[in-house]
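Me: I would like to go through this protein step by step, with the reasoning behind each answer laid out. Could we look at it together?

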Amino acid sequence: MEIAFTAIASVAVGLAIGVLSGLIGVGGGTILVPVFKLAYGMPAIAATATSLFTIIPTSAAGVVTHIRNKTCIPVLGLAAGIGGACTSSLGVWLASLSPEWAIMVAAALVIGYSAATMLQKALKLWRRQRAQGADADGRAGADVAEGATAGADVAEGATDAAVAARAPSAAAFPRIEGFSTRKTVVAGAAIGLGAGLVSGYVGVGGGFIMIPLFMQVFRMPMRLTSGTSLIAIMLLATPATIAQAVLGNIDWVAGICVALGTMPGAAIGSRLITRVPELALRLVFSGFLFVAATLLVLNQLHVF
C-alpha cells in the first residue's frame, strides 16, 4: 500500500514538474534535484544522477509539441545540444570527485544567479510595457482632445493601442531562418559547452543557463527559447546519464515513476506557452529558480 501511494505521489509530482518544464523550457532538474534530495532522501550524487535520467523523457515529450507548434528553433537547439553533449560527461566525472556539499552549493549558486538574471529581465520588460502603455494612452487622449475621430472610434483606437502595447512587437519574433546562420550555430554550440559541463556536475538540464543566454545573445523571446532549450537538454543530458548509469548512481524506480508524470506534463506545458504572456513566463521562471536554490541552501545548512 505504501509503495503504491509513493508511486502515485511520484507521478503527481512529475506531472507538475513536467508542466513547468514544457512551459519555461527547462528539463526540470532544478526542481528534480531538490525533490530527490529532500523528499526521497537520496545522497547528492544519486539525486543528480536520477534527475539527469528523468530529464531525457521529459524534454523529449516537450520537444515534440514545441516542434508541432513551431515554438522552437531546431537548428540552434541541435547546435547547443551537441556542444553540451561533449562536456556533460566531464561534469559527471567532476561530480564523482566532489564532496556532497560542493555539488549542492554549486547547484544553488548557479540556479540563484540564473533566477536573478531572469527577474531583472522580467522587470525590464514590465517597465517597457508600462512606458508603451502610457504612450498609447497619451496618444489616444490627444486624439480625443483634438476631435480627430468620433467618440466610438477613439475608444476603439485606445483599446487597440493598449492591446498592442501589451503584446510583443513583430520585432520580438524574428524569422526563424535568421537563427540558422553559421555564426549563430557556432555561438549556440559554445553556449551548449558551458551548459553541458554544469548539467553533468549538478544534475540539471542546463536550461536555466541557456535560456537567459539565448535571450541576451540572440534577442529571442521566451516563446522560442523554451522549446529550443528543450531540444538541447534532450541531447546533452544523454551522455551524462549513460555515465551515471555506468557508475551505478541512478535510482531507476524513482526516476521512472516521476517520468511517468513529467512526460504528459511537459506536453501540456508546451501547449500552454502560446497562451501565457511573455512577462508571466519570465516571472514564473525566475520564481521557481529562487525557490529551488533556497531549498538547497536550507537543506545543506541542516535547517530541515
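Reply: We can begin with a pair of helices in this predicted model: H2 passes H3 in a right-handed crossing. The axes of helix H2 (residues 29-39) and H3 come within 8 Å and cross at roughly 135 degrees. Angles from 115 to 145 degrees fall in the range called oblique, so H2 is oblique to H3.

Me: Which residues of H2 and H3 make the contact?
Reply: The H3 side of the contact is formed by Ala44, Ala47, Thr48, Thr50, Ser51, Thr54 and Ile55. Facing them, the residues that H2 contributes are Gly29, Leu32, Val33, Phe36 and Lys37.

Me: How many helices and how many strands does the chain have?
Reply: Read from the N terminus on, the elements run α-α-α-α-α-α-α-α-α-α-α-α. In the secondary structure of the chain this comes to 12 helices and zero strands.

Me: Is isoleucine 17 buried or exposed?
Reply: Isoleucine 17 is found in helix H1, which covers residues 2-24. A residue counts as buried when its relative accessible area is under 20%, and the value for isoleucine 17 is 4%, so isoleucine 17 is buried.

Me: How far apart in space are isoleucine 17 and threonine 262?
Reply: In sequence, isoleucine 17 and threonine 262 are 245 residues apart. Leaving aside neighbours within four places in sequence, isoleucine 17 is in contact with Gly28, Ile31, Leu32, Val35 and Thr262. From C-alpha to C-alpha, the distance between isoleucine 17 and threonine 262 is 6.0 Å.

Me: Why is the pair of phenylalanine 53 and tryptophan 252 called edge-to-face?
Reply: The structure holds three aromatic pairs, and in this one the ring centres of phenylalanine 53 and tryptophan 252 are 4.9 Å apart. Planes over 60 degrees apart count as edge-to-face, and here the planes stand at 75 degrees, so the pair is edge-to-face.

Me: Which helices does the pair of phenylalanine 53 and tryptophan 252 link?
Reply: The two residues are 199 residues apart, and the pair therefore links distant parts of the chain. Phenylalanine 53 is buried, with a relative accessible area of 17%, whereas tryptophan 252 counts as partly exposed at 42%. Phenylalanine 53 lies in helix H3 (residues 44-69) and tryptophan 252 in helix H11 (residues 252-272), which gives H3 and H11.

Me: Which helix gives the most to the largest nonpolar core?
Reply: In soluble globular proteins, nonpolar side chains tend to be buried together. The largest nonpolar core here has 61 residues, and those with the most contacts inside it are Met210, Phe214, Met222 and Phe285. With nine residues, the helix that gives the most to this core is H10 (residues 222-247).

Me: How is H9 placed relative to H10: parallel, antiparallel, perpendicular or oblique?
Reply: The axes of helix H9 (residues 207-218) and H10 come within 9 Å and cross at roughly 140 degrees. The residues in contact include Met210 and Phe214 of H9 and Met222 and Ser229 of H10. Antiparallel would need an angle over 145 degrees, so H9 is oblique to H10.

Me: Which residues does methionine 210 touch?
Reply: Methionine 210 is one of the H9 residues that make the contact with H10. Not counting residues up to four places away in sequence, methionine 210 touches Ala80, Ile191, Ala195, Gly205, Ser229, Ala232, Ile233 and Leu236.

Notes:
Residues numbered from 1 in each chain as written. Predicted model: local features only at pLDDT ≥ 70, side-chain atom pairs only at ≥ 80, totals over all residues. Heavy atoms only, no water. Phe/Tyr/Trp six-rings, centres within 6.5 Å; stacked < 30°, edge-to-face > 60°. Helix = DSSP H or I, 4+ residues; strand = E, 2+ residues; numbered from the N terminus. Buried < 20%, exposed > 50% of the residue type's maximum accessible area, 1.4 Å probe, protein only. Core = buried A, V, L, I, M, F, W, Y, C linked by side-chain atoms within 4.5 Å. Contact = heavy atoms within 4.5 Å. Axes fitted to C-alpha atoms, helices over the stretch in contact; angles between N-to-C directions. Parallel < 35°, antiparallel > 145°, perpendicular 65-115°, else oblique. Left-handed = near helix turned anticlockwise from the far one by under 90°.
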